Amino acid sequence: MADKPGHSQRLPAGIWALGFVSLLMDISSEMIHSLLPVFMVTVLGTSMWAVGLIEGFAEATALIVKVFSGVLSDYWGKRKPLAVLGYGLGALSKPLFALATTTGMVLAARLIDRVGKGLRGAPRDALVADLAPPSLRGAAFGLRQSLDTVGAFLGPLVAMGLMLLWANDFRAIFWVAIIPGFLAVALLLFGVREPATGTQAPRLNPISRDNLKRLSGPYWRVVAIGAVFTLARFSEAFLLLRALQGGLPVAYTPLVLIGMNVVYALGAYPFGKLSDSVSHTTLLAWGLVVLIGADVLLASSSHWTWVWAGIALWGLHMAMTQGLLATMVTNAAPPDLRGTAFGFFNLMSGLAMLLASTLAGVLWDQLGAPVTFAAGAAFCLVALAMLWRWRGARLQSA
């Protein structure tokens with residue numbers, strides 16, 4: 001009965017605009033990221049261990065910076081300016097990839113790009129939560145994630161087409177990627193209006209002891225589950241390299257992210273809507289089961305049939321869980337601490353991402369790809385055990 005009012009409501013225009021901002025920036029970023037691991041290994045001579053370390057540091061940087069931007073957005077009472085700054089840094093980093101001639105230059109470009117992602121991430125997610133009606137939060141996060149993921153497969157698709165057209169000219173493609181990045185910043189500036197806070201109360205330190213006490217047990221359980229989940233889901237760079245190992249030509253490696261993100265984009269909004277009416281822990285558990293299936297397929301064979309099946313399941317688990325985790329964080333946190341809540345959630349996930357991607361690279365170098373994906377499946381089992389242990393406890397507030 002509680003869901004009926006939501007059926008007559010529509011998602012605000014600001015949610016759609018934020019979704020298209022994400023779409024444009026993801027086209028820009030994924031045109032580069034879908035080729036970057038192959039560019040580093042085949043052009044710059046980077047080792048697998050270094051690829052894992054760079055990916056881990058880059059993604060961890062983004063997630064760790066989110067805690068500071070989230071806290072600042074709560075203290076300031078404004079989300080949009082930090083989001084604009086973050087998207088702006090992301091756009092400005094793109095030319096550095098085209099200019100890179102060493103692995104160190106790629107690392108510097110990745111870190112600048114990911115600092116921008118970190119600055120925008122928590123304020124943008126808190127802005128989605130502020131704009132969305134409570135009965136449509138799952139749908140709102142699912143829609144933004146779905147549009148984001150449309151960009152995540154359009155980017156590699158454009159990159160692959162240009163690789164074929166321009167005879168594997170990595171740098172020319174990196175230059176083209178600048179355009180959608182700056183369009184994203186323009187749309188955010190002129191297409192999104194931040195809602196009024198509705199209060200003139202003085203702003204207090206969001207990370208004071210009293211405020212942190214307001215982030216209760218259900219919230220911290222979501223944080224713990226999210227961290228272990230991230231250990232099981234290392235960088236998608238290893239999906240690209242697994243496909244390359246299976247004989248996929250270099251020019252076609254963006255197909256990996258295209259395939260994964262098509263599944264992700266098609267599933268994110270329906271699963272987001274579903275999360276508004278079903279048990280969050282049950283849906284999250286099924287997402288972990290799907291990820292175990294992906295890891296088993298990717299570990300058991302390098303044959304292209306099983307690799308592509310594993311990639312599709314990887315995209316399905318993302319659709320089932322990423323918007324869901326954001327909704328769970330929103331429901332478990334006080335409205336005036338949403339930026340801080342997303343920040344701490346992503347801090348723990350960032351540390352887990354650093355560990356997961358570095359460990360994946362070491363395992364791949366020392367023991368081979370199958371062991372890397374088997375380790376991911378093992379971490380999924382740990383996360384499932386945690387969900388089972390807490391099955392009687394609430395993982396979100398009412």
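The accessible surface of this chain comes to about 15,600 Å², and 69% of that belongs to carbon and sulfur atoms. Keep in mind that you're looking at a predicted model. As for charge, there are 28 positive and 18 negative side chains, with the centres of the two sets lying 7 Å apart.

Now for the overall build. The chain has 17 helices and zero strands. Along its principal axes, the C-alpha trace spans about 55 × 45 × 40 Å. A compact globule of 398 residues would have a radius of gyration near 21 Å, so the chain's 20 Å agrees with that picture. The contacts add to this: of those with a separation of 6 or more, 85% are between residues 24 or more positions apart.

Let's go inside. Of the 398 residues, 58% count as buried. In soluble globular proteins, nonpolar side chains tend to be buried together. Here, the largest nonpolar core has 112 residues, and the members touching the most others are L36, F174, L188, Y219, L284, W314 and F373. Helix α15, residues 304-332, gives this core its largest share, twelve residues.

W314 is a good residue to click on. Once you set aside neighbours within four places in sequence, its contacts include the nonpolar-core member F373. W314 also touches R233, F234, E236 and L239, along with M260, and then L291, A294, D295 and L298.

From the core, head over to a loop. S216 sits between α10 (209-213) and α11 (217-232). Is S216 buried or exposed? Neither label fits, because its relative accessibility is 31%, which makes it partly exposed. Try drawing a line from S216 to F174: the two are 42 residues apart along the chain, and their C-alpha atoms are separated by 44 Å. F174, remember, is among the core residues that touch the most other members.

One last stop is the loop between α7 (137-165) and α8 (170-176), where you'll find A167. N168 lies in that loop between α7 and α8 too. What should you look at here? Check the backbone. Most residues other than glycine have a negative phi. A167, though, has a phi near 55°, a positive value in a residue other than glycine. N168 isn't a glycine either, and its phi is positive at about 60°. As for accessibility, A167 counts as exposed because it comes in at 66%. N168 is at 36%, so it counts as partly exposed.

Conventions:
Residues are numbered from 1 along each chain as its sequence is written. This is a predicted model: local features need pLDDT of at least 70, side-chain atom pairs count only at pLDDT 80 or more; totals for chains, interfaces and linings use all residues. Side-chain values use heavy atoms; hydrogens and water are left out. Helices (H or I, at least four residues) and strands (E, at least two) are DSSP runs, numbered from the N terminus. The radius of gyration is taken over C-alpha atoms; the globule rule is 2.2 Å times the number of residues to the power 0.38. Buried means under 20% relative accessible area, exposed over 50%, partly exposed in between (1.4 Å probe, protein chains only). Contact means heavy atoms within 4.5 Å. Accessible areas come from the Shrake-Rupley method with a 1.4 Å probe; for residues, only the protein chains shown count as cover. Lys and Arg count as positive and Asp and Glu as negative; His and the chain ends are not counted. The place of a charge is taken as NZ of Lys, CZ of Arg, CG of Asp or CD of Glu. A nonpolar core is a set of buried Ala, Val, Leu, Ile, Met, Phe, Trp, Tyr and Cys residues joined through side-chain atoms within 4.5 Å.
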